[in-house]
Amino acid sequence: MTAAQIATSDADLRSDRSFLGHPKGLAYLAFTEAWERFSYYGMSALLALYMYKALLLPGHVEHVAGFVPFRGTIEGLFGPLSTQALASEIFGLYSGFVYFTPVIGGWLGDRIGQRRAVVLGGLSMSGGHLAMAFDQSFLLALLLLIIGSGLLKGNISAQVGGLYPVQDEERRSRGFAIFSTAINFGAVVGPLLCGWLADHYGWHVGFGSAALFMLGGVATYLTGYRYLPARIERTTVEAQVMTSRDWKVVAVLLGAMVITILPHIAYYQLSNVLPIWLEQHGKMKALGFSVPIPWFQSIDPLFSILCVPLLFRLWQWQGRGKGEPSELRKIGAGAFICGGAHLILVAAILAYGSGRVPWIWPFLFCAIQGVGFMYFWPPFLSLMSRAAPPRVNATMMGAAFLVLFVGNNLIGWIGTYYEQLGPIAFWGLHAAIGAVGGLLAMAYGATAGRILEPQRAEP
């Protein structure tokens, strides 16, 4: 059977509205990402604490294959690092490079097909999660996860955009919001289960369970294989030549990427330094129950899910008035929200002084971050998918994750100063980073953002 016989035509894919008014392929892509995010965020919720409390301590670190030259390289670049600072830098490098390789993966997907690239990426990530179950293979595990993410992330996001006609901006934006909601569902459950397993049966059981969920993601993707675009406009793209306007659009999108780094820094420090701060300064007792610290990684994705219907109604109401905010204005609002959330931690530290901060304050911090995330990240992906010229669309979708590469590396680097700055100055710094990002996004949207407006055909 030929590929043409297996795959549904692109026209049929884009006219399909059988899944909540969206193409059926969106359901398979969303649930695949839910499984993948289940495994990724379950592992990430454990990673910083695992390194700080176990792996980097004597009795463990000696067993990690290749760690001595690896640490020598890191400290050769950044100077001598404490256990917390080293854990932060490793977290930043890993979580950064996980999102660098999608640039290469998107390029490769344009050539071997996005579907094939996603399957290969899922299998590599499954092997990486399994290797995390052992101290000795820690660095190998990170390498496999980085390679697998490169093949999967840029290509699966490009497939979401490829399910819709170019002119259908509003439905595509909502499709990405549904896609992100499925991601956040996996991100809610992953830390809960992996955190519980790590707490009751040890770190490596928690890590090993993530491999099973990644394999579940691969199985889900293969089940819906025929409903997914094999390549994003492969034939048409190769025939097109980049115009001068296309290059202007690419330049403006690169500027939007730089600005979006700032709200991401304000948002994602909750996965790096926040668990360490909770270990040192948090009061985790709630109604006689000790809340596992990894569970706090489930709060922001939970509130991302809960706020989606409210945001849809808000944006629809705005659309009936002066018009729904542009993607760049939404990114700016998300930056203000994520930055402002850090003021909750600052206020709590000031209120309780040298005492431990009750769990409700970091709970509120994470909840507000979840709303901020939905304001800046889905609109950013929608902007990239809609505005990037067809000739480089998949590559630009992969390049979009450079925001997370740069942002996560900066998060890790900034995190090395946590002990020097102290909690109040550290969280206050992140409030300022978010505020600057919001101001820049609003100003950019009012000027260069006009280039990104959809072109309408002449009557």
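**Cavities, a bent helix and a handful of salt bridges**

By class, the residues lining the second largest cavity come out as seven nonpolar, four polar and one charged. The structure is a predicted model, and this cavity holds about 80 Å³ of space. Its lining is made up of Tyr41, Ser44, Ala45, Asn184, Ala187, Tyr267, Tyr268, Leu270, Ser271, Gln297, Asp300 and Pro301. At least two lining residues come from each of α3, α9, α12 and α14 (299-320). Of the elements around the second largest cavity, α3 is the top contributor, with three residues.

That cavity is one piece of a wider picture. Searching the whole structure turns up four cavities of 30 Å³ or more. The largest takes in about 210 Å³. Its walls are built from 20 residues, and Tyr41, Tyr99, Phe373, Trp377 and Leu404 are the ones nearest the centre. Two or more lining residues come from each of α3 (24-55), α8 (138-162), α9 (169-201), α12 (244-268), α16 and α18 (402-415). Sorted by class, the lining of the largest cavity has 13 nonpolar residues, four polar ones and three charged ones. Tyr41 turns up in both places: it is among the residues nearest the centre of the largest cavity, and it also lines the second largest.

Helix α16 deserves a look of its own. This helix covers residues 360-387, 28 residues in total, and runs 41 Å from its first C-alpha to its last, close to the 40 Å expected at 1.5 Å a residue. Where does α16 bend? The bend, of about 30°, falls at Phe373, a residue already met among those nearest the centre of the largest cavity. As for surface, α16 is mostly covered, with 22 of its 28 residues buried.

Arg386, also in α16, pairs up with Glu327 in a salt bridge, at 3.2 Å from N to O. This contact ties together distant parts of the chain, since Glu327 sits in helix α15 (residues 327-352) and the two partners are 59 residues apart. Are the two partners buried or exposed? Arg386 has a relative accessible area of 11% and so counts as buried, and Glu327, at 8%, is buried too.

How many salt bridges are there in the model? The count comes to five. One of them joins the side chains of Glu36 and Arg37, with N and O 2.6 Å apart. Both of these residues are buried.

Another salt bridge runs between Glu75 and Arg71, where the closest N and O atoms are 3.3 Å apart. Why can these two side chains meet? In an α-helix there are 3.6 residues a turn, so residues three or four places apart point the same way. Glu75 and Arg71 are four residues apart in helix α4 (residues 67-78), so about one helical turn separates them. Glu75 has a relative accessible area of 24%, which makes it partly exposed. Arg71 is partly exposed as well, at 27%; the cut-off for buried is under 20%.

The helix that carries this pair has the span one would expect. The twelve residues of α4 should span 16 Å at 1.5 Å a residue, and the end C-alpha atoms are indeed 16 Å apart. Right after α4 comes Gly79, which has a positive phi, near 85°.

A positive phi also shows up at a residue that is not glycine. Most residues other than glycine have a negative phi. Leu287, by contrast, has a positive phi, near 55°. Where does Leu287 lie? It belongs to the loop between β2 (285-286) and β3 (289-290). Leu287 is exposed, its relative accessible area being 93%.

One more loop residue is worth picking out. Arg391 lies between α16 and α17 (393-399), in the loop there. With 34% relative accessibility, Arg391 counts as partly exposed. Along the sequence Arg391 is 150 residues from Val241, yet in space their C-alpha atoms are 7.3 Å apart.

Notes:
Residues numbered from 1 in each chain as written. Predicted model: local features only at pLDDT ≥ 70, side-chain atom pairs only at ≥ 80, totals over all residues. Heavy atoms only, no water. Expected span 1.5 Å × (residues − 1). Bend = angle between axes of the 7 residues up to and from the residue. Buried < 20%, exposed > 50% of the residue type's maximum accessible area, 1.4 Å probe, protein only. Salt bridge = Lys/Arg side-chain N within 4 Å of Asp/Glu carboxyl O. 1 Å grid on protein atoms, 1.4 Å probe; cavity = no way out; pocket = protein on both sides within 12 Å on 5 of 7 lines; lining within 4 Å. Points joined across faces, edges and corners; volume = space filled by probe spheres on them. Nonpolar A, V, L, I, M, F, W, Y, C, P; charged D, E, K, R; others polar.
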